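Let's take a walk through this structure together, one stop at a time. Have the sequence and the 3D view ready, and follow along as we go.

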Amino acid sequence: MFFALLPAAAVYPLFLRPGLNRKRLEALRLQFKDAILSAASALNAGYSVENAFVAALGETERVYGKEAMICRELGLLLSKIRLNGTFEEAFEDFAARSGLEEVKSFAEVFLAAQKNGGELMKIIAQTAEIIGEKIRVQEDILTATASRRMEQRFMRAIPILLVFYMELTSPGFFEILYTTVLGRLIMTCCLGAYLTACKIADLFLEIEV
C-alpha cells in the first residue's frame with residue numbers, strides 16, 4: 001500500500017495549495033488594510049499621494065517588519081513611481097499579482113478620480129476608509145467563525161481516530177470491510193462521503209463580503 005500510494009505524495013501539495021493561498025491572501029489583506037488606512041490618515045493631513053504611501057510603508061515596516069508582503073509590495077510600488085511610472089499602473093500591477101479584490105477596487109477608483117478630476121485626495125482617503133472597513137468586517141467574520149473552524153478540524157479527525165481505536169482494541173473487527181470486494185466497495189463509498197462532507201463544511205465557512 002505504501003508504494004501504491006507513494007505517487008500521492010507528489011499530488012498532495014496541489015490539494016494544499018488553495019488553503020495556503022487563502023491564508024496568504026488573508027494575511028496580505030490584513031496588512032493592506034493597515035497600510036491603506038495609514039495612507040488615508042496621511043492624505044487627510046495634507047500629504048501628497050506618494051508621500052502618503054511613503055509614510056504608510058514606514059508604518060507597516062514598524063508593525064510587520066521589512067520582509068512582510070505588504071512592505072515588499074509598497075516598496076516595489078514606490079520604486080516604479082520614482083522611475084517615472086504612474087501611480088495607477090503600479091497599483092494595477094500590484095492588484096494583478098496579489099489577486100486581492102480590494103487592491104483592484106482602489107486602483108480603479110484612483111484611476112477614475114484622476115481622469116474625472118475633483119478632490120483627488122478626499123476621494124482616495126474616503127475610498128481607503130471604505131475598503132478598510134470592509135476588510136475589518138471580514139476579520140470579524142473570521143474571528144466569529146474561528147471556533148467553528150476548530151470544531152470542524154476535530155470532527156474531521158474523529159472518524160479516522162475511531163477506525164484506529166477499534167482496530168487497536170478489537171483486532172479484526174473491520175477485517176470483513178477491508179478483505180472482501182463488497183467491504184472495500186462500501187469503505188470506498190464511505191471515504192468518498194467523508195471527503196465530500198469535508199468539502200461542504202469548508203464551503204459553509206467561506207463567507208464572502
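Start in helix α5, where D93 and R97 sit four residues apart, which means that about one helical turn separates them. In general, an α-helix has 3.6 residues a turn, so residues three or four places apart point the same way. D93 and R97 do in fact form a salt bridge, with their closest N and O atoms 3.0 Å apart. Before going further, keep in mind that what you're looking at is a predicted model.

How open to the surroundings are these two partners? D93 has a relative accessible area of 27%, so it counts as partly exposed. R97 is partly exposed as well, at 37%.

D93 has another partner to show you. It also forms a salt bridge with K80, and here the closest N and O atoms are 2.2 Å apart. This pair ties together distant parts of the chain: K80 belongs to helix α4 (residues 69-82) and D93 to helix α5 (residues 87-98), with their positions 13 residues apart. K80 has a relative accessibility of 28%, so call it partly exposed.

Now hop over to helix α8, which covers residues 146-169. R148 and E151 are three residues apart there, so about one helical turn lies between them. They too form a salt bridge, with closest N and O atoms 3.1 Å apart. R148 is partly exposed because its relative accessibility is 47%, and E151 is partly exposed at 41%. Back with the earlier group, salt bridges with shared partners join E73, K80, D93 and R97 into one network. Across the whole structure, a search turns up seven salt bridges.

While you're at α8, take a look at its overall course. How far apart should its ends be? With 24 residues at 1.5 Å a residue, the helix should span 34 Å, and its end C-alpha atoms are 34 Å apart, so the two values agree. Follow the helix along and you'll come to a bend of about 30° at I158, with a proline, P159, following within four residues.

Let's return to α5 for one more residue, S98. Is S98 buried or exposed? Its relative accessible area is 4%, and since buried means under 20%, S98 counts as buried. A polar atom of the S98 side chain lies 3.2 Å from the backbone nitrogen of L100.

Next up is helix α2, which runs over residues 8-44. It has 37 residues and reaches 54 Å from its first C-alpha to its last, close to the 54 Å expected at 1.5 Å a residue. There's a kink of about 35° at R17, shortly before the proline P18. Once α2 is over, look for G46, which follows the helix and has a positive phi, near 105°.

Several residues of α2 are worth a stop. One of them is L16, which is partly exposed, with a relative accessible area of 38%. It's part of a nonpolar surface patch of about 640 Å², made by V11, Y12, L14, F15, L16 and L20.

Further along α2 you'll meet L30. At 31% relative accessibility, L30 counts as partly exposed. Which residue from elsewhere in the chain can we pair with L30? Try G132: the two are 102 residues apart along the chain, yet their C-alpha atoms are separated by 8.9 Å.

Then comes A40, also in α2. With a relative accessibility of 1%, A40 counts as buried. It can be paired with A125, which is 85 residues away in sequence but 4.5 Å away in space, C-alpha to C-alpha.

Our last stop is helix α7, residues 120-144, where you'll find I123. I123 is partly exposed, with a relative accessible area of 30%. F110 is 13 residues from I123 along the chain, and the C-alpha atoms of the two are separated by 8.1 Å.

To look back over the route, we began with D93 and R97, one helical turn apart in α5, and saw how both belong to a network with E73 and K80. We then followed α8 to its bend at I158 and α2 past its kink at R17. Along the way, S98 and A40 turned out to be buried, whereas L16 was partly exposed.

Key. Residues are numbered from 1 along each chain as its sequence is written. This is a predicted model: local features need pLDDT of at least 70, side-chain atom pairs count only at pLDDT 80 or more; totals for chains, interfaces and linings use all residues. Side-chain values use heavy atoms; hydrogens and water are left out. Patches are made of residues with over 30% relative accessible area and no salt bridge: like charges are joined within 9 Å, nonpolar side chains (Val, Leu, Ile, Met, Phe, Trp, Tyr) within 5 Å. Accessible areas come from the Shrake-Rupley method with a 1.4 Å probe; for residues, only the protein chains shown count as cover. A salt bridge is a side-chain nitrogen of Lys or Arg within 4 Å of a carboxyl oxygen of Asp or Glu. Helices (H or I, at least four residues) and strands (E, at least two) are DSSP runs, numbered from the N terminus. Buried means under 20% relative accessible area, exposed over 50%, partly exposed in between (1.4 Å probe, protein chains only). The expected span of a helix is 1.5 Å times one less than its number of residues. The bend at a residue is the angle between axes fitted to the seven residues ending there and the seven starting there. A polar contact is a pair of N or O atoms within 3.5 Å; within protein, one must be able to donate a hydrogen and the other to accept it, and residues adjacent in sequence count only if both atoms are side-chain atoms.
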